[in-house]
Structures are given as C-alpha cells and as structure tokens.
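Reader: I am new to this structure and would like to see how its descriptive terms are justified. Could you take me through a few of them?

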Amino acid sequence: MFESAPGQLVETAPPRVTLRNYFAHPYDSAIAAARTCYAHHLITPDEITDKQRLNIGAATFYSGHHTVFQHAHFEFGLENVSRQFVWSFLHAHPFYNSEQQSQRYVRMDKVQAFVPSQSLFFDAGSRAIYEQAIAKAWAAYEELSKLLVGNTREILSDIWHIGPMSHPKRLQKIERSAEKRAIEVARYVLPVAAFTTMVHTVSGIVLHRLWRMCNASDTPCEAREVIGAMVAQVKEIDPQYFERFGTEPLEDLPEWKQPGGNNGAAINAEFDSQLENKTSKLIDYSPNAVKVTADAYRAVAGVTQAQCSDVEALDRLLNPARNTYRLETLNVGVHAPIMRALQHATYTFAKKISHTADSQDQRHRMVPGSRPLLTLADTREPDYITPALLQENPQAREVYERAMHEAWQAKNTLLDRGVPAEQTLYLLPNAKSIRLVETGSLLHLLHKWTMRTCFNAQEEIYQSSMDELAQLREVHPQIAKYVGPPCYLRANVTTPVCTEGSHYCGIKVWLDFPNVSRRI
C-alpha cells in the first residue's frame with residue numbers, strides 16, 4: 001500500500017515481491033539431477049534421501065558444480081522497485097528474463113518513487129529536499145508532455161500525409177502516436193528513483209548469486225531488501241534451497257577499495273575525447289573477421305576455399321535471399337550450425353547514451369557492457385543527454401534544461417548535508433549520461449543492429465547502431481552491406497517487407513538504407 005502522509009509530495013511504498021510460479025521441489029530436483037549423472041536411470045525427486053540431501057547437496061554446491069541448481073526457476077512479480085535498482089543491479093548481468101513497464105508508452109501520471117528510510121544521515125530535512133526534487137521533476141515531465149505534442153503531431157502528420165480530407169480514425173491514430181512520442185521524450189526528466197513494475201524470472205543458482213552479490217551495485221540497500229524478499233519467499237516453499245548452505249551477502253567488495261575514484265568530471269572528459277562526437281565509437285575489432293568467419297563457415301559446410309571463396313562464404317551466410325535464417329524473427333542464430341560461424345568476429349565500442357536508453361540497451365544481454373558505478377563517477381555539474389526533438393522547441397528546451405539543473409542542484413545539496421551518495425543518486429534524471437564499453441560477436445551484434453536500426457527503435461540506440469554500422473562499413477564493407485533493419489533484409493525477398501504491422505513507421509526505409517533521415 002502506498003504511503004502518502006500529509007505534507008509529503010511523493011507516494012512511496014516498500015517493494016512488493018510476489019512469487020508467481022516456481023518448481024514444486026527445487027532442492028530435491030537439484031539432487032536428483034546430480035544423481036542422474038552417475039545412475040543407470042533417470043532419478044526423480046521423490047527418490048532422494050536425507051543422506052543424499054546432506055552429502056550430495058554440499059558436494060555439488062561447495063565444489064562449484066552449480067548446474068544442478070540451475071534447473072529450478074522462479075518467476076517473481078516485482079512492484080515498487082526503482083529504475084535505478086533495475087539498471088544498476090537486476091539487469092546488470094545476462095542470466096534473467098524480464099518484462100518491465102515501459103516509460104516510453106505508459107504515461108507516468110502519479111508521483112511514485114523510491115524514498116530512502118529516514119536515518120541519522122537522511123533526516124526529515126533531507127527527505128523534504130529529496131521529495132521536492134522528485135515532485136519538480138514530475139511537474140517538468142507533465143509540462144514537457146504537453147509542450148511537445150504539437151511538434152510530434154506536426155512531424156507525424158507530414159510523414160503520413162495528413163490533410164483536411166483524412167479519415168477521422170487516421171487522425172485519431174496520429175493523435176495517439178503524437179502523445180506517446182511526446183511522453184517518450186518527456187520521460188528524460190523523470191528521476192531514476194521512479195518506481196517500475198515487472199515480471200522477473202531467474203534460475204535458482206542465479207538467485208543464490210544475486211543474494212551473494214547484492215552489495216555490488218549503486219543500490220545495495222534496495223538490492224538487499226528486494227533480493228532478501230525473493231529469497232525469503234523461496235525459503236517458504238522449500239527451506240532447504242538456501243538454508244542448507246547459509247550463504248550471505250558479501251560485505252567487503254573490491255570495487256569499494258580501488259585507489260582513486262570519485263573523479264567523475266575527469267573520467268568523463270577522458271572518455272568523451274575518444275568518442276569524436278559519435279554516440280558509439282569503434283575502439284577494437286577482429287581485423288581478420290572476413291577470413292575467420294569464412295573459414296568457420298567452410299568448416300561447418302564441409303567445403304574448401306577452392307569451392308567457396310571468402311566473398312562467397314559471406315554471401316551464403318549473410319544474404320537473406322540465400323540464408324533464410326536472416327529472415328527469422330525467432331532469432332535462431334545460436335541454434336543454426338552455419339550461423340555460429342559469426343561468433344568468431346568481435347567488435348568493441350565506447351558509447352555514451354542516457355540512463356533511460358541504456359536501460360533498454362543492456363537488455364541485449366549477449367552484447368555485454370562494462371557500465372559505471374555512478375557512486376564512483378559522480379559529477380557536481382549536470383551531465384546529461386538531450387533528445388533531438390527538443391532542438392525544435394525552445395520553450396520545451398528551457399523547461400528541460402531547468403529540470404536538469406534542479407536535479408543536480410538537489411543531489412549536490414543532499415551530498416553537502418552528508419547524505420550518502422547511494423541515496424542522492426536516485427534524484428538523477430533518466431537523461432543522465434552513461435558511458436560504457438560494449439563488446440559483442442558479429443552474431444549477436446547482427447541481431448541487435450537488425451532490431452535497432454528500425455525507425456521504431458529508441459532514438460539513442462538507433463543512433464548508436466547507425467554510428468556502429470558506419471564504422472563497420474569502414475573496416476569491413478564486405479559484411480556491412482548485409483546489415484540493416486528487417487525491412488531492408490526482407491525487401492525483394494519475402495513479404496511483408498515491414499514486420500511491425502500496425503506500427504509501421506510510414507517511411508520506406510528499405511529503398512535507400514542507410515541513406516535515410518529519421519525525423520522522430
């Protein structure tokens with residue numbers, strides 16, 4: 001239940017964790033799986049004895065044979081958790097599945113956010129400053145949502161050729177789309193303290209690791225509370241799964257003992273200097289990607305170089321007219337023998353995008369990134385990304401920039417009052433710049449580039465993907481010519497050309513990709 005006492009500006013509540021689905025006997029299932037490795041038949045959970053629970057459980061867990069604990073999965077419903085916690089901890093590793101409430105298309109009407117518990121370091125005065133900052137950010141969000149509708153409506157009407165004779169239903173569709181596009185940009189001013197709701201599924205061993213590592217993020221207090229609640233609910237259905245091992249969160253983490261640190265301005269200046277005004281800069285790659293990929297293909301296909309040249313191998317792999325795997329929306333790459341040849345070429349990028357864009361970018365779990373601990377890279381001066389739409393509306397730009405400065409001012413005021421950085425960082429806006437280094441194999445980047453060069457992709461991830469493709473064309477043009485959005489791959493090969501259905505962007509991107517201009 002939300003807490004909103006008289007005089008409070010923000011609705012808040014403790015995290016709500018619901019165990020929605022789970023294995024009936026997770027611990028015994030793990031022991032049965034372990035026994036099956038050395039048995040003449042398939043061992044079932046009801047065959048497990050107390051002695052096996054004790055001996056096999058300890059032998060597998062403490063020796064690091066953890067795959068047996070990966071079979072059981074737990075599906076949680078999470079409510080009243082901050083977006084900062086999700087970004088910094090819950091989605092910072094690849095082994096999970098989440099469906100999260102979208103701020104792009106869901107209007108945030110209520111001021112609902114994480115508020116730290118009152119303490120010696122976060123007193124009533126600090127809470128008042130904190131809540132006022134969140135309330136101001138929400139007010140800016142509401143104002144921007146209204147100010148930007150006109151711009152989005154004008155652009156969309158031009159793209160879809162809306163005129164006096166257009167059908168009313170067509171006009172309604174444009175109006176709805178305009179409102180969604182407006183809140184998509186307005187959300188940049190919302191604080192990362194904002195609550196979100198999600199369905200989150202992890203395996204049993206991942207839940208063990210999350211509990212062990214819950215102090216390894218910018219949100220250790222919130223992580224301990226949320227993960228602790230998840231662990232407690234698993235203990236209710238099977239106490240053995242955790243109690244037999246007695247693992248506890250690590251307290252003395254290397255990250256917090258590194259020399260230097262807390263020099264965010266210098267770190268950012270050094271990082272930005274290598275970007276050369278790009279959103280994403282290629283800083284390393286496999287120089288022999290073409291030959292290595294072709295060699296791998298020939299090894300799978302059982303052909304010699306005389307039978308299949310490097311150019312021919314790439315065409316067989318990457319040309320959607322010849323390799324129908326390229327047209328699959330199910331992303332079967334790791335399951336397709338020839339597509340696995342694309343795993344051996346890798347590319348590394350330095351990139352700078354907003355907190356909200358990176359929250360989507362990190363969902364490409366097979367393209368991992370090294371993201372900052374904001375606690376160690378905080379800046380006194382505002383450091384944020386400005387969406388392109390704001391360039392066309394001076395009034396909205398003024399509201400936006402004021403919101404940025406107010407967020408940093410409130411954060412700095414709390415720091416000066418002695419509030420721990422962990423708590424002050426929740427006031428940072430979604431627009432906060434995130435600098436990261438990201439590496440992926442050609443196979444997984446290919447999937448990402450296909451999805452994120454679509455005009456419906458989030459603006460910054462689209463731009464970074466286009467930057468990456470431009471640089472791919474410079475180093476490996478033989479590969480780059482086969483990369484683009486779904487419509488580019490499907491044109492003249494299959495129908496429908498666009499896979500977005502009623503969400504078609506209205507632009508025939510495939511006719512001149514990559515020489516196309518995205519307006520919204």
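Author: What follows is a short exchange on salt bridges, exposure and strand pairing. This is a predicted model, in which local features need pLDDT of at least 70 and side-chain atom pairs count only at pLDDT 80 or more, while totals for chains, interfaces and linings use all residues. Residues are numbered from 1 along each chain as its sequence is written, and side-chain values use heavy atoms, with hydrogens and water left out.

Reader: What makes the contact of Lys-257 with Asp-252 a salt bridge?

Author: A salt bridge is a side-chain nitrogen of Lys or Arg within 4 Å of a carboxyl oxygen of Asp or Glu. The closest N and O atoms of Lys-257 and Asp-252 are 3.4 Å apart, so the pair meets that definition.

Reader: Why is Lys-257 called exposed?

Author: Exposed means over 50% relative accessible area, buried under 20% and partly exposed in between (1.4 Å probe, protein chains only). Lys-257 has a relative accessible area of 54%, and is therefore exposed; Asp-252, with 58%, is exposed as well.

Reader: Why is Arg-20 called partly exposed?

Author: Its relative accessible area is 46%, which lies between the two limits, so Arg-20 is partly exposed. The side chain of Arg-20 also meets that of Glu-75 in a salt bridge, at 2.7 Å from N to O.

Reader: How do you know that strand 7 and strand 8 pair?

Author: Two strands pair if DSSP finds at least two bridges between them, and strands, like helices, are DSSP runs numbered from the N terminus (strands E, at least two residues; helices H or I, at least four). Strand 7 and strand 8 (residues 433–441) have 2 bridges in the antiparallel sense, so they count as paired.
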